[in-house]
Amino acid sequence: MNSQEQLDNHLREIIQWHFSPETGCPFWLEWMSKNFDPRKVIKTIEDVKKFPHFEDEWLRDLQPEVWIPAAYKGRPFNIFETGGTTGMPKQRIGWEDYKTDYSEFSEKISDEHFPRGGAWLMMGPTGPRRLRLAIEHLANVRGSSCYFIDLDPRFVKKLITNKQFDVAKQYMEHVADQAAIILKNRKVSGLFTTPKLLEALSEKVDIYASGIRGVFCGGTTMLPQYVRFIVEEVLENRIGFYPTYGNTLMGLAASVPLTPEDKYSITYYAPQPRAVLRVVNPEKTEDTVEYDTWGRVELTTMTKEFFMPRFLERDEALRRKPRAPYTWDGVAEVRPFGAMENKIVEGVY
Amino acid sequence: MSLPHLPALRKGKPYESLDKTEVKDHRTGEILATVSQVGAGILRKDLSRIGEARDDLRKFTVEQLIAISAKAGDLFLNAELTFGDQGHLQTPQQYTETLSRTSGLPHVMVKRNMAKIADALFNMRTVLNGLTRGLDMSIIDIGYGEQAGCPVSYYPTTNALGLVMPSNSPAVNSLWLPAIALKTPVIIKPGREEPWTPYRLIQAFIAAGAPASAFGFYPTDHEGSGEVMKTCGRALIFGDANTVAQYKDNPKFECHGPGFSKVLIGEDEIERWPEFIDVIAGSIADNGGRSCINASAVVVAKYGREIAEALAKKLGPITPLPSDDPNAKLSGFANVKMAEFIDSAIESGLKEPGAEDVTAKYRQGSRKTELGGGVYMQPTIVRCDSFKHTMSNREYLCPYASVVEVPQSEMLEQIGPSLVVTAITKDKKFIDQLLESPLIERLNIGPISTMKISWNQPHEGNMFEFLYKRRSIDFA
């Protein structure tokens, strides 16, 4: 079975699950009563376009219980919130999805860079985010433990919006200082952080000398020149670099190792079949843009815990061709949607 | 041959970034070169080790660096120099043409600016003599010595001089030139439309024997510019009044904002005003009216209407000419929005009662005009009833001046801070008042153009005092 057939099979299974009264959640069952029965019309991934775009207000305004699949009823769940949002955040509930995503990701990172049993340090957004548990799970899967330094991206976003750049800088220093203390006093070999914090940390400690051999990075825009700077000058071409694109709603899209031909342009591949990324024409979102063309990122998440069709991310990216080991499209040079036209507040996350 | 590419220079070493901008002909949009852009992280990285670059300069004596500067001046003016990293060379004529095409300056003005820069390099000894008031330069080499019978010791205030350069006038580059002879590496963020002059100067210095490591050329974004300002121990700031206001009380920064330079005619000389019209018109319009030392106000004891009329009659008919025309007097605007902004600011100011655009009747067409796809601002002389009028003390990147009648006894109370004042008077009492005034940075007594500067007298800040501080010293 090829990946397309696998994806379609998975889709049909998920549709059956979420739109059947025995297993589905109140939200989708009610939606079905007012719209159509997806079990009859959604057969292939192309058919997903028959759904309207998933509205993020649904994750803000509705109580989390509406998303509990009947089959999970009675099981306590985790409530995860999205990254740097201010105001009422989007919330996604879950049970095991993050473990599935990060166990799979563990197979994509090398033992040379993240030695099994070697401690990890996470310097980034913890709090109500999925990432905190996910990183700890990733470390645990590899027989390791993890230290944590928190960063509150919502506070940073407020500071930057209010033009309190000095305070934002102080806060970043405060976060990096704490990480530097851990690195000076504990043996750590794997690091998760955001690119900006990684840079700030490198100004305080010699990252390689402190024992770090692999860096798993995610969060903000990483354009090719910036990636090159991180690889060549911050990590000095001797620490493994694993950029990822992900969020609470999708999970984790890993990148393929960079080759010289990539010129530091990173392409990410969604964790299909659990999530599918499409780069769409923002004016006509049914249309997927041509390869190597910019478009808005559309996410469809399909697990038994959560179904979210056609969610328009606040990101834009280049659509890229499949590349081994992935047999589906990738997204590259992800940046905030409209970044070329508007100034977007990204902060350090 | 391929398009020229200007790399960043990281302590003199070319660095080709994956991020490049295009520099275009301001009229046709033709791409003339690409320029590598670097981020703030690279600047921080390099600046953390800038002490090494200073060590490289310290291997030379000031005397040797003065000789290198003079040789660099000759090369800058006459030689074919490295132009980017794609094997291109640049002749002085190509430099003139390229700069003209991107900045809008006509060739004749580029050449004048070039000569001014080269002069600063040729006269580096005179410049340093003026800045240090005759200090024996070996004292800088050794760190201490004796001057006028007193022990003196100077120490550097910084390991690098940061520069966030404007695009409007190449001659501003002459401001940083003494830093090299004073053994201070430069970290230059070039203006977006004018990377040419700093790049050519750097190549001239290197060809003349200066250590390449002393030169940082970092085309960068807003964050990177901030890093240059913040991380270099000393930095020059160029910008409008608002930008400069943020930095003016901080000793780390030397600010170069609007000059609000002026010509004053005292009561004793006012009857002779027609004799001074040429000097005043030159003060307003030379170099396309783009310099901070261009006069932006003419303050006279009487005959305001007549003087404004005479200036308007002389400057009003000036129209744009092709950039290679030796009679060209106006600069094009690489940034068309800037011309639009200036034009609308003048128009809106004129709506306030008490001001008249006297040039309007002498001008061909509208103030903002076009020639061959380029946008130009034709001269504007505004007669204002008093200094209370909005338009009386304005400075724009084009030939613009107000003419205001003020009794001599009130002039100094009203003119406000002025980079250059040319005071046409022989009145001893008035001259004494002018000499006492803290508002004037450079004072010309008599009919001297505000555009005239002296190499042995700094007119805005003192680079030596900026880069070195005196300490008390004793040896057992």
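Student: What phi does A:Glu236 take, just after helix 10 of chain A?
Tutor: A:Glu236 takes a positive phi of about 50 degrees. Helices here are DSSP runs of H or I with at least four residues, strands are E runs of at least two, and both are numbered from the N terminus. Bear in mind that this is a predicted model, where local features need pLDDT of at least 70, side-chain atom pairs count only at pLDDT 80 or more, and totals for chains, interfaces and linings use all residues. Residues are numbered from 1 along each chain as its sequence is written, while chains are lettered from A and ligands numbered from 1 in the order in which they are written.

Student: Ok, and which residues of helix 10 in chain A are buried?
Tutor: Helix 10 covers residues 224–234, and its buried residues are A:Gln225, A:Tyr226, A:Val227, A:Arg228, A:Phe229, A:Ile230 and A:Val234. Buried is a count: 20 or more other C-beta atoms within 10 Å of the residue's own, with 12 or fewer for exposed, partly exposed in between, and C-beta atoms placed from the backbone.

Student: What do those buried residues of helix 10 pack against?
Tutor: In chain A, helix 9 (195–202) and strand 7 (240–247); in chain B, helix 1 (40–47).

Student: So how many residues are in contact between chains A and B?
Tutor: 8 residues of chain B are in contact with 10 of chain A. Contact needs the C-beta atoms, placed from the backbone, to lie within 7 Å.

Student: Switching to chain B: which residues are buried in helix 6?
Tutor: For helix 6 (residues 124–132), they are B:Met124, B:Val127, B:Leu128, B:Leu131 and B:Thr132. Down the helix axis they fall within an arc of 115 degrees, so they line one face of the helix. That arc is taken from the directions from the helix axis to the C-beta atoms.

Student: What's packed against them?
Tutor: Helix 3 (62–78), helix 5 (107–122), helix 8 (177–181) and helix 17 (463–467), which belong to chain B. Just after helix 6, B:Arg133 takes a positive phi of about 55 degrees.

Student: Zooming out, what's the make-up of chain B?
Tutor: Chain B has 17 helices and 24 strands. Its radius of gyration is 23 Å, close to the 23 Å that the globule rule gives for 476 residues, so chain B is as compact as a globular protein of that length. The radius is over C-alpha atoms, and the rule is 2.2 Å times the number of residues to the power 0.38.

Student: And how much of chain B is buried?
Tutor: 53% of its 476 residues. For chain A, 42% of 349 residues count as buried.

Methods. Contact = placed C-beta atoms within 7 Å.
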